Each structure stands twice: as structure tokens, then as C-alpha cells.
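Work through the exercises below with the sequence and the coordinates at hand. Each task is followed by a solution in steps.

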Amino acid sequence: MEKRTDKNLYTLLFATGMVIVVGSLLAFLASSLKPRINENKRIEKQQNILYAMGVHENEGNSVAFVEDSKVAGEFSKYIKTQLVITDGLNIIEDNDAYLIDIKKEQTKAKAGESRKLPLFVGEKDGKTFYVAPIRGKGLWDAVWAYIAMDENMIVQGAYFDHQAETAGLGANIKQRFFMDDFIGEHLLDQNGVFKGITVSKSNADPTNKIKDDNEVDAIAGATITGDGVSAMIKKDLKLYQPYFDNLKTN
Amino acid sequence: MGLLGKDSKLISDPLADNNPITIQVLGICSALAITAELKASIVMSISVIFVMGAGNVVISLIRNIIPSKIRIIVQLTVVAALVIIVDQVLKAYSYSLSKELGAFIGLIITNCIIMGRFEAFALANGVWRSFLDGIGNAIGYGVILIIVGFFRELLGSGTLLGYAVLGDPIEKTGLYSIGYENNGFMLLAPMALIVVGLIIWVQRSRNISLIED
């Protein structure tokens, strides 16, 4: 005799029931945890921006952000103005500019609409930092960064992160040995033309002593992630050049 | 193991003579993908122990009401739901840890050891025995992952858990001062396969009853 659980009607009912139970369980879980998750992401953005301009708690080779509980205070202490740049030189102040979703803005730009470029102007020890968020593609998924520059577009600090790069290879872009290499690198060439910074395999400068070659040393085994980082810097930071040009002429 | 009686074999077998990776040849994909670093191997092992244990229990509980025609889909749904729960809870309550785990959590779904054990064991056995089988296989998987991760990180990057144990390759200190070089090839997936192969060789030469004709 056919078993009860082999009947078509039973199978159909079981499948329907399973979808309803599992679906509502996950929906309930996701919606009840959402406020906490969004808050964590908001804190992380502030920590990343501060990290790029050198406000962090690094010791030795570690990467340590300002503590969660202190981050709001530190953010308002160090970040003096948050700007939103549109269409080259249309600049407005917006205290929630750090919440702008770069991914959405990039999609807008692709569709031909004007793109909002957030820029965070911070001050630390009498020095002014301009921190820009950028985003691109790695090997598996998105890579992004916060780059702190001075008024000559020389990098003062960088924080890189990724969605799903390979552990031990591409994922090493968020290690100190890679990020710290960017400090002091020039984004412009000697003639003031924007050149970006290339993550280079043929760079004969592994200790990164030469800072005006527009190159840092690549990570072995992470060619595509490195190329993604180079492309993201070239494409996204170039958009900020009019702002810096304007800064100098004024 | 007195408490477990003869069930203790469910834990001890997958650690050696019925290891999921070296004998059952399951879970090879993730063993190649994430073992370039010891830390990633350890984290992945712990996550799989949790999902495997819980998944085997759930499947065993509902084993008599699962329609056999759609049992694979049911199994997939259970793993996927468990993995999403782990992912969301970590994101809400331990954000930094969830950042570290990142891609691995999603990768657990694709781990064929999990589906393999559901199909081969949990569908036919009681809850407690299924739980032990899940934990045992996940530990057996983890042990191999950690061995492979250990050698790949040590020989490939000269570090262990991120600490430079062999000296500094750029400043030429420690071992590097006498001409030692890191083997970058160790960081690439093919070397994981070769390391797993070496483990299989060692294991079968010590216990020749494991060699198939």
C-alpha cells in the first residue's frame, strides 16, 4: 500500500505548510532585528570615516575602531562639515551626508541622473582631512573604501572593506599592511593630472618608499581584487577633482 | 565517553576512519576555498558544527512526516533557514563577528556534508543519535580544515592566526634572514587539494584497510 506521506495531496499540503511556517518565521525575525542591524551599520559608517582620518584605537598591527559607545561623540568632534557635491561644483551642507548610499548613487549616475557625492571635512591636530567614500567591484562582490586626503589630493589615510573576497587573499585589503601603504601616496601626477593609485604587481617598491609613483604593491594571489581597488579609486575619486581644483583657486 | 555508550562511535568515527573529507570525500569545495588562513578555517568549523548539529536534529524530528518526493527540497529549506537565522542574529547582536564571517555563513548552505548527513543519517535515525552524528561529522570536517589551514597559512604567508611566526619577509628577519621564502602557491586553491591529498595518503598508509580495490 502507498504510504500516507507519498500521496500527492499530502506532498502539496506539506510544501505549502512548510513555506508558510519558514517564511513567516524568517520574516518575523528579519523585521524584528532590522532596527538593530541598521543601527550597527550606521555606527560602522561613522567608525570607518573616522578610521580613514586617523581616529582609531590601533595597536601593533591591529585594526581597531573607536568604540561603539563613543563613536557619536567622536564623530561630531572631528568631522566639522559634511558636504554633498552634485554636478561638479554644486555644494551643499548636509549633516546626514554620511548616510548616503553610494551604491544607489552609482546606479543613478549610470541611468544618466545626477549623482550625489558625499565628502566629509574633518580636522585633527590642526590638519584638515577630506574623506571620500568610494565603491567598486572585487572578485566576488562589492569592495568599498573611505579615503582621507589633504587639499593636494595626497592620501592621508584609507579604510578598505569588502563583501565577500577570499580569506587570506583578496580579503587582505582590509589588513594594515595593505591599507597603510596608501598613506602619503599621490592621486595626481607631477603635472597635476588625476592618475589615481594603481595596485601594481610589477611595482619594484615592496616597502613603498616611493610615494609619488601613483602605485602601491599588490597582494599575491589577489590580482582581480587589486584591479578592482585600482579601478574604484580611478573612477570614483576622480569625481572629486573639481572640488579640490576649486579649493586651490579660492 | 561512558555516557554515550556505543553511540560514542558516532562522534569518533568521523574523526578518523569515516572522515567526511578524506574518506567520504564530501565538503571538498569549502575545504579548498577558505583554508588560506587558519582563522577562517576555525571560524568555518565552528559555524558548521552549529548548523550541522541543529539541522540533523530538525530533520530527525520531522523525518516521519517529510514526503519522500520532496525531501531534498525540505532539507535545503531547513539548512537555508538555519543559516539565515544565524546570519541575522549575528548581524544584530555581534556585528563585528558577522563582518569577520561574512561570506562563510552563506557558504555553509552549499556545504555538501550537511545535505549528505541529512540524507544518509538523520532521515533514518532518532534525534539524539542524529545530533551526535551531526556534531561528529562537523568536527571531523573541522579537524581537516584546521590542518589544511595551518599548513597553508604557515607556508604561504609565514604567519599563524595573523602572527608572524617565521619573521618578517620584507625586513628579512628570523627564518627569512637565511634565505627562506614564502611559497605563494600555498595560498591558491590547488595546493589545498594537494594538502588534502597528502592527508589522505598518510591516513591510508597508516590504516591499509581503508584502501579501496
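**Exercise 1. The last helix of chain B**

Task: State what covers the buried residues of α9(B), and work out how those residues are arranged around the helix.

Solution. The model is a predicted one.
Step 1. The cover over the buried residues of α9(B) includes α2 (28-33) and α8 (127-157) of chain B.
Step 2. The buried residues in α9(B) include B:M191, B:A192, B:V195 and B:V196. Viewed down the axis of α9(B), its buried residues lie within an arc of 145°, so they line one face of the helix.
Step 3. In an α-helix there are 3.6 residues a turn, so residues three or four places apart point the same way.
Step 4. On the face of α9(B) turned away from the buried side are the exposed residues B:P190, B:I194, B:G197, B:W201 and B:S205.
Step 5. Helix α9 of chain B runs over residues 189-206, 18 residues in total. From first C-alpha to last it reaches 26 Å, close to the 26 Å expected at 1.5 Å a residue.

**Exercise 2. The fold of chain B**

Task: Describe the order of secondary structure elements in chain B and the share of its contacts between residues 24 or more positions apart.

Solution.
Step 1. Chain B has nine helices and two strands. Their order along the sequence is α-α-α-α-α-α-α-α-β-β-α.
Step 2. The C-alpha trace of chain B spans about 65 × 50 × 35 Å along its principal axes. Of the 213 residues in chain B, 38% are buried.
Step 3. Among the contacts in chain B with a separation of 6 or more, 76% join residues 24 or more positions apart.

**Exercise 3. Surroundings of B:L38**

Task: Decide whether B:L38 is buried or exposed, and list its contacts beyond four places in sequence.

Solution.
Step 1. B:L38 is located in helix α3 of chain B.
Step 2. There are 24 other C-beta atoms within 10 Å of B:L38. The cut-off for a buried residue is 20 or more, so B:L38 is buried.
Step 3. Leaving out residues up to four places away in sequence, B:L38 touches B:I146, B:G149, B:F150, B:E153, B:L160 and B:L161.

**Exercise 4. The nonpolar core**

Task: Identify the residues with the most contacts inside the largest nonpolar core, and the element that supplies its largest share.

Solution.
Step 1. The largest nonpolar core has 92 residues. Those with the most contacts inside it are A:A52, A:V131, A:A145, A:I147, A:A148, A:A158 and A:F160.
Step 2. Helix α3 (residues 38-61) of chain B contributes the largest share of this core, eight residues.
Step 3. Take A:V131 from the list: beyond four places in sequence, A:V131 touches A:I49, A:A52, A:M53, A:F120, A:G122, A:Y146, A:I147 and A:A148.

**Exercise 5. Two positive phi values in chain A**

Task: For A:D125 and A:N214, give the location and state whether each is buried or exposed.

Solution.
Step 1. A:D125 has phi near 50°, a positive value in a residue other than glycine. A:D125 sits in the loop between β3 (117-124) and β4 (127-137) of chain A.
Step 2. With 5 other C-beta atoms within 10 Å, A:D125 is exposed.
Step 3. A:N214, also not glycine, has phi near 55°. Its place is the loop between β7 (198-200) and β8 (215-217) of chain A.
Step 4. A:N214 has 22 C-beta neighbours inside 10 Å and therefore counts as buried.

Key:
Residues numbered from 1 in each chain as written. Chains lettered and ligands numbered in written order. Predicted model: local features only at pLDDT ≥ 70, side-chain atom pairs only at ≥ 80, totals over all residues. Helix = DSSP H or I, 4+ residues; strand = E, 2+ residues; numbered from the N terminus. Buried ≥ 20, exposed ≤ 12 C-beta atoms within 10 Å, placed from the backbone. Contact = placed C-beta atoms within 7 Å. Core = buried A, V, L, I, M, F, W, Y, C linked by C-beta atoms within 7 Å. Expected span 1.5 Å × (residues − 1). Arc of directions from axis to C-beta.
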